[in-house]
Amino acid sequence: MRLTRLYTRTGDDGFTRLADGAEVAKDSPRVAAYGTVDELNSVLGLALAGPLDARLATELERVQNELFDLGGDLATPRESEPGFEVPRLTQERVDRLEALIDELTAATGPLENFVLPGGTPGAATLQLARAVCRRAERHAVSLAREAETGVVVPYLNRLSDLLFAMARYENHARSVPEPLWRPGAD
């Protein structure tokens with residue numbers, strides 16, 4: 001893909017084009033979903049820019065590429081025929097996230113209390129990514145009410161769980177205690 005300029009002026013009236021050429025409002029559920037996935041990818045870039053456990057960094061780089069696939073998936077309605085192959089998420093990718101969640105949870109141990117965002121900078125950024133991922137999931141659920149989305153919702157649901165597990169693992173790997181919720185704390 002080659003971009004000759006960054007602006008097109010086509011969105012100045014509040015509309016944008018999907019990958020298949022269809023014009024939609026910029027606040028449509030589809031655009032909200034893939035826009036929030038893009039935001040999530042940016043937060044993951046922030047996590048990768050700081051000190052982060054090497055195992056997590058490798059996995060997050062893979063996830064960032066999957067999120068680009070997911071954005072393309074969301075930007076191309078399943079009923080359209082765009083004239084090019086669209087990378088669609090598969091159940092295999094959801095299963096891979098589950099396996100990684102199980103692996104990281106085995107290393108950190110079971111959750112015994114609610115965990116607050118924080119600890120290391122990397123863990124705090126992963127918690128921010130988790131919250132953005134949950135928002136992307138909510139937008140995808142709204143879209144799924146009106147259009148076929150395949151495994152997008154389950155993928156985002158597992159990814160948010162993975163980001164939580166990664167935040168716990170990052171604190172564990174650096175021997176930083178998890179910040180725990182203290183009900184009624186002063």
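This passage walks through the fold, the nonpolar core and a few individual residues of a predicted model.

The overall layout is a good place to start. Five helices and two strands make up the secondary structure of the chain. Followed along the sequence, these elements come in the order β-β-α-α-α-α-α, so to speak a pattern that opens with strands and continues with helices. The C-alpha trace spans about 50 × 35 × 35 Å along its principal axes. Of the contacts between residues at least 6 apart in sequence, 72% link residues that are at least 24 apart.

Next comes the surface. The chain exposes about 10,400 Å², and 52% of this area is supplied by carbon and sulfur atoms. As for charge, there are 21 positive and 29 negative side chains, and the centres of these two sets lie 4 Å apart. Turning inward, 41% of the 186 residues count as buried.

In soluble globular proteins, nonpolar side chains tend to be buried together. In this model, the largest nonpolar core has 45 residues, and the members that touch the most others are Tyr-155, Leu-159 and Leu-163. Two or more residues come from each of helix H1 (29-49), helix H2 (54-74), helix H3 (91-108), H4 and helix H5 (152-173). Helix H5 gives the most to this core, with 11 residues. Leu-163 offers a closer look at such packing: leaving out residues up to four places away in sequence, Leu-163 touches Leu-40, Leu-44, Leu-60, Leu-126, Ala-129, Arg-130 and Cys-133.

Helix H4, which spans residues 121-144, also holds Gln-127. Is this residue buried or exposed? Gln-127 counts as buried because its relative accessibility is 4%, and the cut-off for buried is under 20%. The side chain of Gln-127 makes a polar contact, at 2.6 Å, with the side chain of Arg-130; Arg-130 is also among the residues that Leu-163 touches. Beyond its neighbours within four places in sequence, Gln-127 is in contact with Val-115, Pro-117, Phe-164 and Ala-167.

The last stop is a strand. Thr-16 lies in strand E1, which covers residues 15-17. With residues up to four places away in sequence set aside, Thr-16 touches Ala-22, Glu-23, Val-24, Lys-26, Val-31 and Tyr-34. Leu-52, by contrast, lies 36 residues from Thr-16 in sequence and 36 Å from Thr-16 in space, taken from C-alpha to C-alpha.

Note on methods: Residues numbered from 1 in each chain as written. Predicted model: local features only at pLDDT ≥ 70, side-chain atom pairs only at ≥ 80, totals over all residues. Heavy atoms only, no water. Helix = DSSP H or I, 4+ residues; strand = E, 2+ residues; numbered from the N terminus. Buried < 20%, exposed > 50% of the residue type's maximum accessible area, 1.4 Å probe, protein only. Contact = heavy atoms within 4.5 Å. Areas by Shrake-Rupley, 256 points an atom, 1.4 Å probe, with all protein chains shown as cover. Lys, Arg positive; Asp, Glu negative; His and termini not counted. Charge placed at Lys NZ, Arg CZ, Asp CG, Glu CD. Polar contact = N/O pair within 3.5 Å; in protein donor to acceptor, adjacent residues only side chain to side chain. Core = buried A, V, L, I, M, F, W, Y, C linked by side-chain atoms within 4.5 Å.
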